[in-house]
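Work through the exercises below with the sequence and the 3D structure at hand. Each task is followed by a worked solution.

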Amino acid sequence: MNAGRLIAGPLLAAALATGIAAPATAQVPESEDPIKLAMIGYSGDNLIMLIYGKLIERLGYTVEYTPADYLGQFAGLETGDLHIGSPGWDTTAKAALKAAFDTGQVLNMGDIGIPVFEDWWYPLYVKDVCPGLPDWTALKNPDCVKALSVAETEPKARFLSGPIEWGGHDQERIDALGLDFEVIHAGSDAALTADFVAAIKRKQPIVGWTWEPFWLPALYEGEFVVWPAYEDACYDDPAWGENPEKAFDCGRPNGMMWKTAWAGGEAIWPKAYDVWRKMKLDSKTMGELVYQSDVEGVPTDAVAEKWIAENEATWKPWLE
Amino acid sequence: MTAAEGAAGAVRNAAARPAWHAAIVPAALALIVALAVLAPQVPWAHLLPDRWVVPVDRWVGDAAKWLLREAAIGPWLVRDIFRGMGAVIEAPIVALQHVLVKGVELGSGDAVIAVPPVSWLGVAVFFAALGLAAGDVRLAVFAGATFLYAAVIGLWESTMMTLALVVVAVAYGVVTGLLMGVLMHRSTRVARAITPLLDFMQTVPVFGYLVPALLLFGYGPAAALFITLIYAVPPMARVTANALAQANPETVELGRMAGCSPFQLLHRVMLPSERPRLMLGVNQVIMLTLNMVIIASMIGAGGLGYDVWQALKALHIGKGAEAGLAITLLAIVLDRLSQRFAARRPDHLQRALPFLLRHRFVLGGLGLAALATLLGHAVPALAYYPADWTITSGRFWDGVVDWINVSAHGAIGGVRDFLLLNLLRPVKDLALALPWVGVVVLVGAVGFRLGGRRLALIAFSLILFIALVGQWEKAMISAYLIAVAVLIAALIGVPIGIVCARSERLHRLVEPVLDTLQTLPSFVYLIPVVMLFSVGDFSALVAVVLYAVAPAIRYTDSAIRQVPAPAIEAARAFGASRRQIDRRVVLPLALPDIVLGLNQTLMLGISMLVITALVGTRDLGQETLIALSKSDPGRGLVAGVCVAFIAMTADRLLTAWVARRRAGLGLDAGRG
């Protein structure tokens with residue numbers, strides 16, 4: 001227990017006891033208890049939480065930044081160990097989000113206004129061995145397949161994917177569109193990016209899973225593969241699209257980042273929750289923040305402070 | 001009957017054993033071949049049909065969810081009881097964190113005094129003083145330098161957070177391990193009950209019980225403490241039990257003749273006389289605790305583990321390595337200090353001095369630390385290490401890794417592809433092609449040969465369980481990876497261990513390397529390994545070998561050193577040559593400890609499975625990772641239990657084989 005709270009508690013009690021009638025609207029902050037914000041480690045997501053945390057600190061709330069796993073945070077949100085969740089991405093956390101909302105213990109606080117995009121990505125030099133990129137048909141070229149193959153997948157080419165639980169339907173996509181590829185799953189995002197970056201540094205042809213907003217496509221020149229445009233029918237209806245017998249013959253759906261929060265906190269810190277609901281950013285802002293933090297190496301804390309200092313007009317309405 | 005007694009009995013009855021016993025293992029092998037050939041007719045023997053799969057993970061998941069969400073004892077929820085207990089056990093950590101990092105607020109109302117945390121210089125001086133108190137000037141300098149290093153690289157607060165967690169965890173771990181070991185020694189029944197529990201604790205991958213731990217204790221030091229203790233206590237318990245069993249019977253007799261009560265016998269005779277062996281246990285507790293630091297940081301413990309994790313996720317290898325090195329140095333300092341203090345012999349001249357003089361170093365250190373902290377009010381640079389004075393070499397190491405990646409990749413890639421296609425792929429294909437029915441029967445047969453019906457039944461059931469829960473394929477992948485890795489680690493480690501036992505210089509050279517390998521968070525070398533060898537089984541193999549080679553060397557070294565000098569002298573007196581002494585005296589006598597070492601190597605290798613899952617293997621470790629991200633306690637626990645069963649079976653079979661060997665050599669007569 002925080003020693004500081006040991007004093008604050010009696011202080012607050014004493015203040016209330018010297019009793020003026022409680023005001024009609026609870027005073028902000030309604031509680032001294034620290035609000036726990038989930039920090040999952042990616043600079044972009046951390047920056048969102050830092051900006052939010054610093055803003056509610058201005059209102060007088062006590063904030064605690066708690067490290068958590070991206071998908072593991074939902075367990076903490078359900079039990080109230082975490083109060084404000086790091087936004088879940090439609091592209092990888094759709095099932096986890098739905099499961100969490102269904103328990104009734106986790107609130108859907110709306111989307112944060114940043115669309116997210118995850119798909120097959122390659123560094124620019126791959127175009128030399130696979131002419132025709134970014135169009136997906138270029139991946140059918142036998143020379144391209146050979147260049148992208150590795151010992152584990154020979155004679156097929158390798159698509160470096162993220163952990164299995166991220167989903168993505170890439171094996172189905174490969175089968176439906178008749179590509180000569182095999183999906184190799186990295187066990188974690190760290191392994192994925194490590195393999196990717198190492199290959200890029202030695203100019204080895206590679207195509208793998210990447211997302212935006214993220215430092216990898218910001219730091220290294222490359223492009224996303226362009227597939228037939230996504231429609232819901234593509235995933236549900238085999239008859240749709242290039243391949244009349246199979247579904248998943250198209251690209252991936254885009255999505256949004258969804259804000260989450262522990263249901264019980266609404267009653268404890270209503271104003272803070274209100275600010276969280278109102279908070280909205282956009283891709284351009286996110287891209288700039290991520291660039292400063294990851295490419296330029298500015299500490300995330302400083303990046304958040306700078307943004308707050310320069311964008312009062314944007315965040316002032318959230319606090320009203 | 002323990003496995004040893006059973007095996008001894010089996011050896012004694014060898015002459016009376018029916019002939020068909022000898023045919024059992026070949027028969028099982030023939031069964032495997034037959035099933036393989038007849039594969040199309042018996043597909044169920046190769047791949048368990050879905051409807052036969054027992055949904056244990058769902059049952060466990062439902063039970064866990066009930067226990068953690070709704071179960072209650074009286075008016076209190078089980079969960080709240082655990083939270084309460086957690087708050088109690090983490091209280092020392094929180095207190096230390098305040099002293100070292102956050103500062104303490106004293107007083108109330110208007111007169112609140114904010115006491116700053118202990119000055120960084122103060123802590124460094126204190127640990128140096130501890131080194132002097134232990135009587136080793138070089139250690140004092142090393143300890144001081146370690147803490148200065150932590151300050152200079154800008155990670156002081158993280159280091160103090162980690163120090164708080166580690167000191168408390170090691171204290172709990174050593175005490176708990178000692179108690180368990182003593183209990184195991186006193187009663188074979190207790191030993192038989194506890195041993196499987198210890199196996200579980202060591203081999204169920206941490207990600208398997210991470211979700212239940214989080215649900216029980218919430219994010220914070222209590223959950224981190226819980227998972228750390230589960231991992232770090234078993235070696236201490238095992239080593240204690242082993243040490244007490246091997247206590248010199250003459251020393252024990254002397255104690256009894258002197259009139260010791262059982263407690264005095266333990267406390268004043270047996271434990272002190274077995275100190276070297278016990279200190280190996282303490283060493284392992286410290287190492288394993290620091291190993292857990294990264295995972296602890298993932299569930300809210302913060303500290304250096306968090307710094308390593310963050311840096312490596314962003315591929316800042318150098319920064320991650322710096323933080324990782326801080327963890328290693330901390331481990332080495334704590335270990336060396338504890339070894340030194342434990343190795344001290346009572347000095348009667350010192351005893352005669354007054355209290356202040358006797359403890360002059362420790363008190364001096366404390367005094368200087370307090371002074372530095374007080375001065376921190378006036379000189380802020382003393383209270384909080386100034387950011388301007390930070391030096392990091394992160395970029396340099398990133399450059400080194402990049403250079404190796406770009407220039408050496410051709411050769412590395414060639415070796416990798418060769419081993420992958422000619423060693424790993426064939427072994428993996430073989431492992432996956434074996435029919436599960438055949439393998440289960442074979443394991444039972446081997447168990448029967450080594451330890452009679454009881455061992456056969458245990459081995460058979462454990463492996464059958466894995467098949468029945470539908471995890472056979474993933475288990476086979478885990479098994480082949482571990483088998484190849486531990487084999488390579490043993491082939492490298494045992495010879496080096498033997499050589500190190502001979503040469504004090506080499507021992508002193510190798511020891512810090514071993515400490516580094518065991519405590520440098522595996523994450524730190526995992527990422528460069530993935531960069532050089534790409535995602536896949538090969539990287540996983542390299543990572544496990546790197547981790548497992550250290551205990552192989554260490555235990556072998558220790559085993560050879562523990563061979564009693566009188567035995568060697570006696571052999572020399574008989575005129576045995578050097579090689580004869582080695583082959584006929586040293587190695588046989590050291591064998592039990594060497595096998596204990598290989599056993600531990602196997603356990604530690606299996607515990608690496610969860611880490612290698614982060615690389616991208618399709619094995620049981622990956623199952624636990626998936627369960628973690630889906631917050632599915634059942635799936636994680638079941639996959640973890642399968643891992644534990646593989647380890648336990650291998651351990652039991654190994655131990656039984658060794659016991660038979662030793663009984664055959666007549667080594668157990670008159671000992672313990």
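**Exercise 1.** How many residues does helix α2 of chain A have, and what distance does α2(A) reach from its first C-alpha to its last? Then state how far α2(A) is covered.

Solution. The model is a predicted one.
- Step 1: α2(A) runs over residues 43-58 and has 16 residues.
- Step 2: From first to last C-alpha, α2(A) reaches 22 Å, close to the 22 Å expected at 1.5 Å a residue.
- Step 3: Of the 16 residues, 12 are buried, and the helix is mostly covered.
- Step 4: The buried positions include Ser43(A), Gly44(A), Asp45(A) and Asn46(A). Leu55(A) and Ile56(A) are also among the buried residues of α2(A).
- Step 5: Gly60(A), just after α2(A), takes a positive phi of about 110°.

**Exercise 2.** Find the residues of chain A, other than glycine, with a positive phi in the loop between β5 and α7 and in the loop between α10 and β9. Is each one buried or partly exposed?

Solution.
- Step 1: The loop between β5 (157-161) and α7 (170-177) of chain A holds His169(A), whose phi is near 55°.
- Step 2: His169(A) has 14 other C-beta atoms within 10 Å. A residue needs 20 or more to be buried and 12 or fewer to be exposed, so His169(A) is partly exposed.
- Step 3: The loop between α10 (232-236) and β9 (255-262) of chain A holds Phe248(A), with phi near 70°.
- Step 4: Phe248(A) counts as buried because it has 23 C-beta neighbours inside 10 Å.

**Exercise 3.** Which peptide bonds lead into Pro134(A) and Pro213(A), and what is the omega of each?

Solution.
- Step 1: The bond from Leu133(A) to Pro134(A) is cis, with omega near 10°. Pro134(A) lies in the loop between α5 (126-129) and α6 (142-147) of chain A.
- Step 2: The bond from Glu212(A) to Pro213(A) is cis as well, and omega is near 0°. Pro213(A) belongs to the loop between β7 (207-212) and α9 (215-219) of chain A.

**Exercise 4.** Describe how domain 1 and domain 2 of chain A meet.

Solution.
- Step 1: The domain assignment gives domain 1 as 30-114 + 256-319 and domain 2 as 117-236.
- Step 2: The C-alpha centres of the two domains lie 30 Å apart.
- Step 3: Contacts join 12 residues of domain 1 to 10 residues of domain 2.
- Step 4: On the domain 1 side, α4 (90-103) and α13 (283-295) of chain A each supply at least two residues. The largest share, seven residues, comes from α13(A).
- Step 5: That side of domain 1 divides into six nonpolar, five polar and one charged residue.

**Exercise 5.** What is the secondary structure of chain B, and why is chain B called as compact as a globular protein of its length?

Solution.
- Step 1: Chain B comes to 33 helices and four strands.
- Step 2: Its radius of gyration is 27 Å, and the globule rule gives 26 Å for 672 residues; the two values are close, so chain B is as compact as a globular protein of that length.
- Step 3: The C-alpha atoms of chain B fill a box of roughly 85 × 65 × 60 Å along the principal axes.
- Step 4: In chain B, 52% of the 672 residues count as buried.
- Step 5: Of the contacts in chain B with a separation of 6 or more, 80% are between residues 24 or more positions apart.

**Exercise 6.** Which residues have the most contacts inside the largest nonpolar core?

Solution.
- Step 1: The core has 306 residues, and those with the most contacts inside it are Ile227(B), Ala543(B) and Cys642(B).
- Step 2: Domain 1 and domain 2 of chain A both give residues to this core, so it lies between them.
- Step 3: Leaving out residues up to four places away in sequence, Ile227(B) touches seven residues named here: Val206(B), Tyr209(B), Leu210(B), Ala213(B), Met292(B), Ile295(B) and Ala296(B).

**Exercise 7.** How many residues of chain B are in contact with chain A, and how do they divide by class?

Solution.
- Step 1: On chain B, 47 residues are in contact with 40 residues of chain A.
- Step 2: Elements of chain B giving two or more residues to this side include β3 (104-106), α10 (206-217) and α23 (409-433).
- Step 3: By class, this side of chain B has 26 nonpolar, 16 polar and five charged residues.

Terms used
Residues numbered from 1 in each chain as written. Chains lettered and ligands numbered in written order. Predicted model: local features only at pLDDT ≥ 70, side-chain atom pairs only at ≥ 80, totals over all residues. Rg over C-alpha atoms; globule rule 2.2 N^0.38 Å. Contact = placed C-beta atoms within 7 Å. Core = buried A, V, L, I, M, F, W, Y, C linked by C-beta atoms within 7 Å. Domains from an automatic or database assignment. Expected span 1.5 Å × (residues − 1). Nonpolar A, V, L, I, M, F, W, Y, C, P; charged D, E, K, R; others polar.
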